[in-house]
Amino acid sequence: MKDDEILAGFLTAYNCFLETERDLLSVNANERSLTHKLAEHIQQTFPEYNVDCEYNRRGYGNNSQKKVVQDDGIKKRVFPDIVVHKRKTDHSNLLVIEAKKHSNTDTEQDDFKLKRFTKTDGDYHYQLGLLLILNLNSIEESTATKYKDGEVVQPSSIPIRNLNGNS
């Protein structure tokens with residue numbers, strides 16, 4: 001699937017999320033509640049894929065947990081907020097999403113994970129990554145940072161509605 005098709009599918013899901021989950025957004029719900037509901041909408045736009053929240057498995061087997069190697073060489077278990085993939089494979093990893101509410105500005109670990117998950121020569125090969133900053137005061141003005149090939153795609157943080165390059 002092409003990157004612009006993935007982003008268009010995500011934007012469709014995100015817009016449905018905004019339309020149907022206003023009450024959840026207005027009560028300042030917890031990040032896990034928000035990402036769970038967003039994942040439900042993403043599943044509708046990617047029916048041929050599995051959409052999972054905090055998925056911690058890789059490939060086959062009970063002991064094959066998702067891990068990333070940190071800069072100090074230590075492997076750490078990770079739980080991405082949302083993944084769009086095909087379970088029990090090391091390929092067909094389409095999209096990995098980390099989300100934060102705008103009140104939580106600590107995104108260093110999320111940035112690290114998204115770079116590792118999208119590296120083409122890494123273990124996971126996610127085609128795209130997104131770091132979402134959900135602004136609950138003005139949800140339409142929430143921002144996203146795109147990741148591809150282990151790097152941030154410029155510009156680094158843009159309104160979500162502009163992910164496909166729309167102005």
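In which loop does D149 lie? In this predicted model, D149 is placed in the loop that joins strand 7 (143-148) to strand 8 (151-159). The phi angle of D149 is near 55°, a positive value in a residue other than glycine. Most residues other than glycine have a negative phi. D149 has a relative accessible area of 42% and is therefore classed as partly exposed, since that class covers values between 20% and 50%. Apart from residues up to four places away in sequence, D149 touches T118, K119 and T120. For T120, the separation from D149 is 29 residues in sequence, while the C-alpha atoms of the two are 5.2 Å apart.

A positive phi is also found at N28, where the angle is near 60° and the residue is again not glycine. N28 belongs to the loop between helix 2 and helix 3. The relative accessible area of N28 is 48%, and N28 is thus partly exposed.

Two packed helices are described by the angle between their axes and the distance between the axes. For helix 1 (residues 3-20) and helix 3 (residues 31-45), the angle is about 130° and the axes lie 8 Å apart. Angles between 115 and 145 degrees fall in the oblique class, so helix 1 and helix 3 are oblique to each other. Their crossing is right-handed. On the side of helix 1, the contact is formed by G9, F10, T12, A13, Y14, C16, F17 and T20, and these meet L34, K37, L38, H41, I42 and T45 of helix 3. Sorted by class, the residues of this contact are 8 nonpolar, 5 polar and 1 charged.

In soluble globular proteins, nonpolar side chains tend to be buried together. The largest nonpolar core of the model comprises 34 residues, and the residues with the most contacts inside it are F10, Y14, I42, L95, L132 and L163. At least two residues of this core come from each of helix 1, helix 2 (22-26), helix 3, strand 4 (82-85), strand 5 and strand 6 (128-134). Helix 1 supplies the largest share, with 8 residues. Of the core residues named above, F10 and Y14 on helix 1 and I42 on helix 3 also take part in the contact between these two helices.

L95 is another of the residues with the most contacts inside the largest core. When residues up to four places away in sequence are not counted, L95 touches I6, F10, I82, V83, V84, Y126, L128, G129 and L130. A second, separate core has 10 residues, among them V78, V83, V96 and F117. V83, a member of the second core, is thus listed among the residues that L95 touches.

The loop between strand 5 (95-101) and helix 4 (108-118) contains H102. H102 is partly exposed, its relative accessible area being 31%. Leaving aside neighbours within four places in sequence, the contacts of H102 are with I133, L134, N135, L136 and N137. H102 and S142 are 40 residues apart along the chain, and their C-alpha atoms are separated by 8.1 Å.

Methods
Residues are numbered from 1 along each chain as its sequence is written. This is a predicted model: local features need pLDDT of at least 70, side-chain atom pairs count only at pLDDT 80 or more; totals for chains, interfaces and linings use all residues. Side-chain values use heavy atoms; hydrogens and water are left out. Axes are lines fitted to C-alpha atoms, for helices over the stretch in contact, and angles run from 0 to 180 degrees between N-to-C directions. Helices (H or I, at least four residues) and strands (E, at least two) are DSSP runs, numbered from the N terminus. Angles under 35 degrees count as roughly parallel, over 145 as roughly antiparallel, 65 to 115 as roughly perpendicular and the rest as oblique. A crossing is left-handed if the near helix is turned anticlockwise from the far one by less than a right angle, and right-handed if clockwise. Contact means heavy atoms within 4.5 Å. Ala, Val, Leu, Ile, Met, Phe, Trp, Tyr, Cys and Pro count as nonpolar, Asp, Glu, Lys and Arg as charged, and the others, Gly among them, as polar. Buried means under 20% relative accessible area, exposed over 50%, partly exposed in between (1.4 Å probe, protein chains only). A nonpolar core is a set of buried Ala, Val, Leu, Ile, Met, Phe, Trp, Tyr and Cys residues joined through side-chain atoms within 4.5 Å.
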